[in-house]
Amino acid sequence: MTICSICGGKDNRLFSAKEMMFGYPEEFQYSECLSCNSLRIVEEPKDLQKYYPENYYSFRENKSGLVKKILKKQRGRYVLGKSHLFGKMLTKIWNEPLVASWIKHLNLNFDAKILDIGCGKGLHLRELLNFGYYNLLGIDPFINHSIHIKDKLSILKQDISDTKGEFDFIMMNHALEHSKDQKETLSHIFNLLHPSGVALIRIPITNTFAWKEFGTNWVQLDAPRHLFLHSEKSFKIMASEIGFEVSKVVFDSTFFQFTGSLGYVKGIPLVKQNEQMNFSENEMREFINKAEMLNNTHQGDQACFYLKKK
């Protein structure tokens with residue numbers, strides 16, 4: 001009998017899931033708690049680094065040209081309340097930059113100390129640097145080497161347990177699910193966060209439409225990289241136990257929950273879906289509209305949790 005580490009539940013369901021991002025011929029066993037609906041891998045692979053090859057998506061660098069960076073900067077600064085009419089016009093054309101939309105309500109000064117955990121090569125940190133933030137640190141144990149950009153941004157090849165300091169804003173963007181010991185990871189975040197700071201945890205969400213509809217073909221199950229996945233209920237239980245209060249939850253799922261999962265149903269690895277999967281404009285519009293509807297009812301397959309210390 002397996003006891004859930006989150007809620008103490010004793011009833012669970014075992015199932016097997018294939019590695020589908022790269023199409024490795026391997027399967028991994030997972031356990032679903034039937035009380036809080038969290039999912040965990042039963043046995044972590046011994047060589048986990050194998051499943052993060054150089055072409056893993058978060059290791060790619062953004063090659064945006066100078067003009068595109070300038071336009072995104074103006075949009076970002078407008079969304080953050082730091083710009084004027086030109087940024088407003090650009091935002092109406094291209095919408096808000098994703099990173100700016102996450103933090104626009106936090107009123108973070110440009111000198112705020114910001115930490116991004118599991119940041120890859122720092123895509124989101126580079127955007128914040130472009131907006132005007134300059135006290136930026138990223139950490140990721142799976143990158144090949146540390147990166148330093150002047151004295152404003154450092155991305156270190158290290159684990160959260162090796163990180164010191166106090167931060168005004170800490171974010172984990174689809175990184176917590178790669179940690180098997182969720183409570184230990186979140187406890188480190190608690191210790192690193194300034195008493196008045198905010199942590200943003202963005203994660204896939206189980207017990208939602210995509211998981212129920214696609215099962216082991218749900219694209220965000222992502223075996224074996226995702227070691228532990230939460231439902232909204234299980235994450236709130238864990239956060240409260242550590243000393244956090246969840247101040248806000250925003251579901252932000254996209255069409256990807258449909259396109260990626262339907263590719264897996266057909267047995268197509270994610271890295272080959274661009275060339276082998278074709279959806280019409282009407283289908284894509286339907287996926288986008290459905291994702292928005294699911295987000296409004298807390299049934300989208302990913303969410304942003306904003307945490308403050310109690």
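Start with the sheet: this predicted model has an open one of eight strands, ordered S6-S7-S5-S4-S8-S9-S12-S11, and the pairing is mixed. Color the two edges next. They are strand S6 (147-149) and strand S11 (244-251), each of which pairs on one side only. Look along the strands and you'll see the twist, which averages 15° from one strand to the next.

Now zoom in on the S6 edge. S6 runs antiparallel to strand S7 (residues 153-156), and three bridges join the two. Show side chains here and pick out His 148, which stands opposite Ser 154 in S7.

Next, select residues 182-192. That's helix H5, packed on the sheet, where it touches strand S4 (114-117), strand S8 (167-173), strand S9 (193-204), S11 and strand S12 (302-309). The direction of H5 makes about 150° with that of S9.

Then add residues 232-242 for helix H7, which also packs on the sheet; its contacts there are S9, S11 and S12. Set its direction against that of S11 and the angle is about 155°.

Last stop: a helix pair. Select helix H8 (residues 256-265) and helix H10 (residues 281-296); their axes come within 8 Å and cross at roughly 120°. How do they sit relative to each other? That crossing angle makes H8 oblique to H10. To see the contact itself, show Gln 257, Phe 258, Thr 259 and Leu 262 on H8, plus Met 284, Phe 287, Lys 290, Ala 291 and Leu 294 on H10. Color by residue class and this H8 with H10 contact splits into six nonpolar, two polar and one charged.

Conventions: Residues numbered from 1 in each chain as written. Predicted model: local features only at pLDDT ≥ 70, side-chain atom pairs only at ≥ 80, totals over all residues. Heavy atoms only, no water. Axes fitted to C-alpha atoms, helices over the stretch in contact; angles between N-to-C directions. Helix = DSSP H or I, 4+ residues; strand = E, 2+ residues; numbered from the N terminus. Parallel < 35°, antiparallel > 145°, perpendicular 65-115°, else oblique. Contact = heavy atoms within 4.5 Å. Nonpolar A, V, L, I, M, F, W, Y, C, P; charged D, E, K, R; others polar. Pairing = 2+ DSSP bridges.
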